[in-house]
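Here are a few exercises to work through with the model open beside you. Try each task before you read its solution.

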Amino acid sequence: MPSYEGILSWIFCQSPRSNHNVPGVPEVDVVTLRWNGEQVARREMEQGETWSLDVTRPLPGPATVEVVVRPNEDGSVEDVIGSVRLSAADVGTGLAATDFHEARFDEAGAQYELTYKVRQIDDVPGPAPTPAPAPADGVLNWIFCESPRSNHNVPGVPEVDVVTLRWNGEQVARREMEQGETWSLDVTRPLPGPATV
């Protein structure tokens, strides 16, 4: 299934709620944005100011964003001047005219404009499949003759065996060996499963 995320792009203060009318002192609001009740942004704003938000949140289902303002004055109270509902229905076509949505709020003496969008994102990839292990090799390193089977007891003639190694029935090495001899084999075969030597 596709996944979505909501993006709060910017908010513009056309007229703050603050109205103290003190000459030389700007009218300033404290603006808070809440995403499903959670504060995601907060700062002071005055008339004509645009605040670039760049707030992005996963959107597993519809979400409500509230715009809350209060004059930056002692004893002032917060007011929710409006809210927007973000959902998959807000996904645009890739053009700015359809991707960005603007919500205008005019409440409690405050005028603000919030710009937002919803975009579809690729599904989060799962873990990469574990590559199949490389096939193992079986290696025959060496064989040592502690005592040969040969037992002819002829003086001056060494006791010698003919030694054959078979890998799953196939001959892979053959030579003569006598007592105390070590034969370096260096025989390697793929090992897709158990093998008998």
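**Exercise 1. Classify E102 as buried, partly exposed or exposed, then find its salt-bridge partner.**

Solution. Step 1: in this predicted model, E102 has 45% relative accessibility. Partly exposed covers the range between under 20% and over 50%, so E102 is partly exposed. Step 2: look for a positive partner. The side chain of E102 meets that of R104 in a salt bridge, at 2.9 Å from N to O. Step 3: check the partner. R104 is exposed, with a relative accessible area of 63%. Step 4: follow R104 onward. R104 also forms a salt bridge with E113, where the closest N and O atoms are 3.8 Å apart; the cut-off is 4 Å. E113 is buried, at 14% relative accessible area.

**Exercise 2. Work out which parts of the chain the E5 and R119 salt bridge ties together.**

Solution. Step 1: confirm the pair. The side chains of E5 and R119 meet at 2.4 Å, N to O. Step 2: place the two residues. E5 belongs to strand β1 and R119 to strand β8, so the bridge joins parts 114 residues apart in sequence. Step 3: add the environment. E5 is buried at 13% relative accessibility, while R119 is partly exposed at 38%. Step 4: widen the view. The whole structure holds 9 salt bridges, and R34, R42, E66 and E78 are linked in a network of them.

**Exercise 3. Decide whether D90 is paired or unpaired in terms of salt bridges.**

Solution. Step 1: locate D90, which sits in the loop between β6 (79–86) and α1 (96–99). Step 2: find the nearest side chain of opposite charge. That is R85, 6.9 Å away. Step 3: conclude that D90 is buried but has no salt bridge. Step 4: list the neighbours. Leaving aside residues up to four places away in sequence, D90 touches R85, D99, H101, Y116 and V118.

**Exercise 4. Describe the largest nonpolar core and say which strand gives the largest share.**

Solution. Step 1: size the core, which has 27 residues; L8, I11, L53, V67, L86 and Y112 have the most contacts inside it. Step 2: trace its sources. Strands β1 to β8 each supply at least two residues, and the largest share, 5 residues, comes from β8. Step 3: note the second core, a separate one of 11 residues that includes L140, C145, M177 and L185. Step 4: zoom in on I11 of the largest core, whose contacts include L53, V67 and Y112.

Terms used. Residues numbered from 1 in each chain as written. Predicted model: local features only at pLDDT ≥ 70, side-chain atom pairs only at ≥ 80, totals over all residues. Heavy atoms only, no water. Helix = DSSP H or I, 4+ residues; strand = E, 2+ residues; numbered from the N terminus. Buried < 20%, exposed > 50% of the residue type's maximum accessible area, 1.4 Å probe, protein only. Lys, Arg positive; Asp, Glu negative; His and termini not counted. Contact = heavy atoms within 4.5 Å. Core = buried A, V, L, I, M, F, W, Y, C linked by side-chain atoms within 4.5 Å.
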